[in-house]
Amino acid sequence: MTTQTTAPETAREADAGRHAGLIGIPPRIGRALATAGGALTIVSTFLAWTWTAEFPGDLTVYGYPGGLQVLVLVGGALTTLFGLASYGVKGLRRLAPAGADSALKLSALGAFATAWYTIVAISVQLGGLVNLEPGGWAAAVATLAAVLGAFALPFDRPVAEPADPEDSARDRYLQRRRHALAVVKASLASGTAAPARTLPAYAEILVIVAALALGLTVFTYGIGTEYDELFVGFLITAGFGFAAAAKAGLVGRVSALTARHRNVTMIGAFVAAAAFPFTQSDDQYATIGVYILIFATVALGLNIVVGLAGLLDLGYVAFLGVGAYTAAMVSGSPSSPFDIQLPFWASALLGAAVAMVFGVIIGAPTLRLRGDYLAIVTLGFGEIFRITVLNLDGTSGPDVTNGSNGISSIPNLDILGFDFGVEHSIAGFTIARFANYFLLMLLITLVVVVVFRRSSDSRIGRAWIAIREDETAALAMGINGFRVKLIAFALGAALAGLAGTVQAHVTYTVTPEQYQFAHVVPPNSAFLLAAVVLGGMGTISGPLVGAALLYLIPAKLQFLGDYQLFAFGLALVLLMRFRPEGLIPNRRRRLEFHEETEAPTVLSKAGA
């Protein structure tokens with residue numbers, strides 16, 4: 001009799017254990033604690049966190065959040081919203097179509113990390129915790145309570161593998177460690193998104209416009225951070241916020257809408273980007289913006305070679321240099337060996353054509369190689385280009401490129417009477433030199449995006465993808481692999497050369513040191529390849545986002561000094577470990593790395 005009554009109870013206890021949270025708090029109390037902690041975090045940002053204005057951002061004001069308090073406020077608001085959504089509050093359930101628990105945990109973690117980072121920074125800079133005001137202590141307690149409550153929420157725990165009696169102590173330790181990691185991963189796993197409600201076409205377009213406006217706001221805030229602590233806090237908040245939105249299913253919903261309205265999305269994205277210079281009061285951040293666009297455009301060209309055709313090119317930055325040097329030589333610069341000044345459209349076409357010729361010359365004898373051998377050859381080409389232009393100085397060789405001094409004093413562009421080197425007033429807004437080049441580079445980026453999109457959807461694009469997936473099978477199906485790869489190589493080189501023609505005028509000077517394989521400042525071949533892989537190979541938005549991050553983050557991490565590349569490399573390693581498919585992968589690549597993901601009904605020609 002005893003056995004009959006205790007067996008069901010034991011089963012219920014085991015089932016409850018498999019659905020328990022990481023923190024031993026009852027789920028109802030944990031959910032309330034997380035939601036209340038988010039609300040109290042919001043309140044704490046309206047209190048003073050320190051007594052002196054010596055800490056950047058002036059956190060001494062009551063009733064008005066400033067600096068890092070704004071980021072903690074965002075984290076607290078997300079925690080509160082996802083907490084209410086987890087209760088099924090009407091109107092907020094749409095915030096979490098895939099479930100709110102995982103999003104609640106990540107948003108609480110983001111608020112906790114930003115708040116405690118601020119508290120530690122205040123203590124280090126001002127000399128101890130004694131410099132904290134009640135608002136700082138309230139934020140610390142509220143964010144900690146939110147994290148504890150969020151991780152008390154139940155989830156499906158993975159079943160531990162049975163131990164082998166013959167395993168050594170080290171094997172048992174490794175098994176427990178793997179199980180612990182699996183449990184933590186399961187605690188952050190999201191559910192399957194509920195079927196999306198059918199919306200009118202205009203409503204879907206409005207959602208896309210709102211997402212683009214939010215993206216512009218976040219980018220403008222990030223690029224305009226005025227001090228190091230604020231940028232680090234921005235990275236923490238933006239990273240956890242994006243992860244929370246992805247776990248909630250919001251990113252997937254927006255991606256589905258953009259896939260249905262690709263033309264609207266592309267036009268809207270470029271309109272939002274074009275509005276960026278008009279949000280700035282000076283030319284300081286437009287400078288970063290134009291360099292990001294140059295970097296992103298070249299990365300998108302490399303994406304044709306690497307992402308679509310699957311060819312590993314480690315010397316791609318040389319084609320950017322070919323376009324830049326070509327444009328500089330016909331720009332009318334006094335350092336140019338040719339006494340000629342062509343209009344921009346002619347120099348742009350010439351730079352793209354010369355880069356394409358170099359692509360064909362290099363690709364014709366080498367594209368019969370595969371894998372590592374091709375990578376070594378392209379790496380050699382990149383170094384040969386740099387050394388050649390370095391030696392064409394009139395001493396080691398003919399005086400063509402002026403050697404290490406490069407071609408300097410490149411004049412500003414003048415297109416149809418519009419001088420890119422002076423300020424202009426447009427609709428009451430004043431835009432300066434770098435803003436002018438930003439808008440020009442944005443137009444060229446649009447051309448490259450259209451070329452990439454049309455190419456990937458064409459017959460040649462499908463052939464590239466076939467070769468990328470299995471070259472032997474593609475050749476067996478009748479695809480001329482050499483010709484198709486040569487087209488990819490030539491087209492990618494031409495697009496890089498086109499971007500180089502603008503870079504020459506933006507930088508005033510082109511020198512060999514700008515086109516190395518690896519350097520602290522992008523663009524270089526290593527950073528270009530990293531941008532493609534980091535953003536997501538084979539997609540349009542992936543390399544654009546990857547290039548923006550890879551340029552912006554090193555520019556903002558200069559305060560780390562000698563540890564800058566170490567921190568940057570560590571971040572890349574962690575990202576590739578936990579998201580190897582990239583930030584914005586296509587669906588085929590996501591399925592390659594996450595076999596448990598449900599396969600989509602239809603894949604596009606490029607696997608998106």
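**Pocket**

I began with the lining of the second largest pocket, where the largest share, 5 residues, comes from α14. The model is a predicted one, and I kept that in mind for every entry here. I then looked up the volume and noted about 320 Å³ of space in the second largest pocket. I listed 17 lining residues, and the closest to the pocket centre are Val322, Thr326, Met329, Phe358 and Phe385. I checked which elements give two or more residues to this lining and found α12 (317–329), α13 (344–366) and α14 (371–391). How do the lining residues divide into nonpolar, polar and charged? I counted 14 nonpolar, 3 polar and no charged residues in the lining of the second largest pocket.

**Surface patch**

I next looked for nonpolar side chains at the surface. I found a nonpolar patch formed by Tyr563, Phe566, Leu570, Leu574 and Phe578. Together these residues have about 620 Å² of accessible area. I picked Leu570 for a separate note and placed it in helix α21, residues 564–578. The relative accessible area of Leu570 is 43%, so I entered it as partly exposed. The patch takes in residues with over 30% relative accessible area, and Leu570 at 43% meets that cut-off.

**Salt bridges**

I searched the whole structure for salt bridges and got 6. I wrote up three pairs, as follows.

I took Arg262 and Asp457, whose side chains meet in a salt bridge at 3.6 Å, N to O. Which parts of the chain does this pair tie together? Arg262 lies in helix α10 (residues 262–274), and Asp457 lies in the loop between α15 (433–456) and α16 (459–469), so the pair ties together parts that are 195 residues apart in sequence. I looked up the accessibility of both partners. Arg262 is partly exposed, because its relative accessibility is 36%. Asp457 is also partly exposed, with a relative accessible area of 25%.

I then took Glu471 and Lys485, whose side chains form a salt bridge at 3.0 Å, N to O. I located Glu471 in helix α17 (residues 471–476) and Lys485 in helix α18 (residues 481–507), and the pair links distant parts of the chain, 14 residues apart. Are Glu471 and Lys485 buried or exposed? I recorded both Glu471 and Lys485 as buried, a class that means under 20% relative accessible area.

I also wrote down Arg468 and Glu469, with side chains that meet in a salt bridge at 2.9 Å, N to O. Arg468 has 22% relative accessibility, so I put it down as partly exposed. Glu469 is partly exposed too, at 39% relative accessibility.

**Backbone phi**

I checked phi in residues other than glycine. Most residues other than glycine have a negative phi, so I noted positive values where I met them. Ser409 has a positive phi, near 55°. I found Ser409 in the loop between α14 and β1 (414–415). Its relative accessible area is 46%, so Ser409 is partly exposed.

Tyr508 is not a glycine either, and I read a positive phi of about 70° for it. I placed Tyr508 in the loop between α18 and α19 (525–535). I entered Tyr508 as partly exposed, at a relative accessible area of 36%.

**Pairs apart in sequence**

I ended with C-alpha distances for three pairs. Leu413 is in the loop between α14 and β1. Leu413 counts as buried because its relative accessibility is 4%. What separates Leu413 and Tyr437 in sequence and in space? They are 24 residues apart in sequence and 9.0 Å apart in space, C-alpha to C-alpha.

I looked up Ala201 in helix α7, residues 201–223. Ala201 is partly exposed, with a relative accessible area of 45%. I found Ala201 and Arg260 to be 59 residues apart in sequence and 9.7 Å apart in space, C-alpha to C-alpha.

I placed Gly83 in helix α3, residues 68–86. Gly83 has a relative accessible area of 0%, so I noted it as buried. Gly83 and Ala32 are 51 residues apart in sequence, and I noted 7.9 Å between them in space, C-alpha to C-alpha.

Technical notes
Residues are numbered from 1 along each chain as its sequence is written. This is a predicted model: local features need pLDDT of at least 70, side-chain atom pairs count only at pLDDT 80 or more; totals for chains, interfaces and linings use all residues. Side-chain values use heavy atoms; hydrogens and water are left out. On a 1 Å grid over the protein atoms alone, a cavity is a set of points where a 1.4 Å probe fits but cannot get out, and a pocket is an open set with protein on both sides within 12 Å along at least five of seven lines; lining residues have an atom within 4 Å of a point. Grid points are joined across faces, edges and corners, and a volume is the space filled by probe spheres set on the points. Helices (H or I, at least four residues) and strands (E, at least two) are DSSP runs, numbered from the N terminus. Ala, Val, Leu, Ile, Met, Phe, Trp, Tyr, Cys and Pro count as nonpolar, Asp, Glu, Lys and Arg as charged, and the others, Gly among them, as polar. Patches are made of residues with over 30% relative accessible area and no salt bridge: like charges are joined within 9 Å, nonpolar side chains (Val, Leu, Ile, Met, Phe, Trp, Tyr) within 5 Å. Accessible areas come from the Shrake-Rupley method with a 1.4 Å probe; for residues, only the protein chains shown count as cover. A salt bridge is a side-chain nitrogen of Lys or Arg within 4 Å of a carboxyl oxygen of Asp or Glu. Buried means under 20% relative accessible area, exposed over 50%, partly exposed in between (1.4 Å probe, protein chains only).
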